[in-house]
Amino acid sequence: MLILAVDTALNACSVAILRSGEVLLSRVEPMAKGQAERLAPMTREVLAEAGVEPAALDRIAVTRGPGAFTGLRIGLAFARGLAVALDRPCVGISTLEVLAHGASALRTVAAIEVAGSLFVGAWEGRACRLEPCRQSAEDVLARLDGDWTLTGPGAQTLARLRPDWPVVVQDLPDPIVLAQLAQHLDPHLNPPAPLYLRGHEAKLPGGISLEVDSL
């Protein structure tokens with residue numbers, strides 16, 4: 001299976017190509033903004049350098065959240081558009097799940113902090129033990145028994161309360177891990193839909209608050 005994985009969920013633009021589990025090429029370019037301008041050219045460059053024609057791809061994979069509001073939509077829109085153009089399935093995977101498996105630990109809690117909110121998920125092997133959610137660090141730790149490994153750009157928030165738990169430093173999801181996970185998932189059960197975990201407060205004229213979906 002030939003898989004293209006793209007990620008713009010956090011502060012980077014990332015692309016990887018795997019064939020039957022073998023990494024053909026992977027590139028990660030840190031950036032806080034500019035993913036919209038960089039993702040398509042970067043994908044073309046990676047495909048060309050790997051010697052892969054877009055029509056040869058079997059599957060597209062993309063992170064679906066949580067993450068930066070704009071960045072996530074850039075990656076999701078690009079991946080879905082490419083999948084439609086090529087008539088290929090597209091798999092969406094939680095950013096937290098990619099981080100958790102990237103830590104290569106038996107029991108892992110992945111954490112991301114975005115706009116003052118803490119998003120977490122926990123996996124034991126391939127099994128999800130805590131579905132991705134938005135909670136306080138105290139509430140998260142109250143739901144977990146035993147020892148865990150912490151990872152992700154929000155790991156230090158949990159580590160301050162559990163300094164005895166090891167931390168695997170990962171500021172960004174690895175597109176290689178994203179592609180590896182995607183090859184085993186059913187696209188129908190894992191669509192490239194944004195993962196909503198919080199509300200965003202918008203102000204209407206007159207100062208009236210309105211809750212609208214955010215990531």
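**Exercise 1. The largest pocket**

Task: In this predicted model, state what volume the largest pocket has, which residues lie nearest its centre, and which strand gives the largest share of its lining.

Solution. Begin with the space itself: the volume of the largest pocket comes to about 240 Å³. Next, turn to the wall, where 15 residues line this pocket, and R64, S94, E97, E131 and P132 are the ones that lie nearest its centre. Then assign the lining to strands: at least two lining residues come from β5 (90-93), and at least two from β8 (127-134), with β8 giving the largest share, namely three residues. Finally, sort the lining of the largest pocket by class, which yields eight nonpolar, three polar and four charged residues.

**Exercise 2. The second largest pocket**

Task: Find which residues line the second largest pocket and how they divide by class.

Solution. The second largest pocket holds about 160 Å³ of space. Its lining is made up of A9, L10, N11, A68, E113, V114, P153, D171 and L172. Dividing the lining of the second largest pocket by class gives six nonpolar residues, one polar residue and two charged residues.

**Exercise 3. The sheet that contains β1**

Task: Work out the order of the strands in the open sheet that includes β1, explain why one side of β3 and of β5 is left without a neighbour, and place the helices α1 and α2 relative to the strands.

Solution. Reading across the sheet, the five strands follow the order β3-β2-β1-β4-β5, and their pairing is mixed. Because β3 (22-30) and β5 stand at the edges and each has a single partner strand, one side of each has no neighbour in the sheet. From one strand to the next, the twist averages 15°.

For a closer look at one pair, take β1 (residues 2-7) and β4 (residues 59-63), which run parallel and are joined by four bridges; A5, for instance, has A61 of β4 as its bridge partner. As for the helices, α1 (residues 35-50) lies across β1, β2 (12-19) and β3, and runs at about 25° to β2, whereas α2 (residues 69-86) packs on the sheet and touches β1, β4 and β5, its direction making about 170° with that of β4.

**Exercise 4. Two backbone details in loops**

Task: Decide whether the peptide bond from G65 to P66 is cis or trans, and whether the phi of S20 is positive or negative.

Solution. As background, most residues other than glycine have a negative phi, and most peptide bonds are trans. The bond from G65 to P66 has omega near 0° and is cis, and P66 is found in the loop between β4 and α2. S20, although a residue other than glycine, has a positive phi, near 50°; S20 is located in the loop between β2 and β3.

**Exercise 5. The sheet that contains β8**

Task: Identify which strands are at the edges of the open sheet that includes β8 and β10, and say in which sense β7 and β8 pair.

Solution. The order in this open sheet of five strands is β8-β7-β6-β9-β10, again with mixed pairing. Its edge strands are β8 and β10 (167-168), each of which pairs on one side only. Between β7 (residues 117-124) and β8 the pairing is antiparallel and extends over five bridges, and within it W123 has C128 of β8 as its bridge partner. Helix α3 packs on this sheet, where it touches β6 (107-114), β7, β8 and β9 (149-151), and its direction makes about 135° with that of β6.

**Exercise 6. Helix α3 against helix α6**

Task: Classify the packing of α3 and α6 by its angle, and name which residues make the contact.

Solution. The first step is the geometry: α3 (residues 95-102) and α6 (residues 175-182) pack at an angle of about 105°, their axes lying 9 Å apart. Since angles of 65 to 115 degrees count as roughly perpendicular, the two helices α3 and α6 are therefore roughly perpendicular to each other. The contact involves E97, V98, H101 and G102 on the α3 side and V177, L178 and L181 on the α6 side. Sorted by class, this contact of α3 with α6 has four nonpolar, two polar and one charged residues. To connect this with the first exercise, E97 of α3 takes part in the contact with α6 and is also among the residues nearest the centre of the largest pocket.

Note on methods: Residues are numbered from 1 along each chain as its sequence is written. This is a predicted model: local features need pLDDT of at least 70, side-chain atom pairs count only at pLDDT 80 or more; totals for chains, interfaces and linings use all residues. Side-chain values use heavy atoms; hydrogens and water are left out. Axes are lines fitted to C-alpha atoms, for helices over the stretch in contact, and angles run from 0 to 180 degrees between N-to-C directions. Angles under 35 degrees count as roughly parallel, over 145 as roughly antiparallel, 65 to 115 as roughly perpendicular and the rest as oblique. Contact means heavy atoms within 4.5 Å. Ala, Val, Leu, Ile, Met, Phe, Trp, Tyr, Cys and Pro count as nonpolar, Asp, Glu, Lys and Arg as charged, and the others, Gly among them, as polar. On a 1 Å grid over the protein atoms alone, a cavity is a set of points where a 1.4 Å probe fits but cannot get out, and a pocket is an open set with protein on both sides within 12 Å along at least five of seven lines; lining residues have an atom within 4 Å of a point. Grid points are joined across faces, edges and corners, and a volume is the space filled by probe spheres set on the points. Two strands pair if DSSP finds at least two bridges between them.
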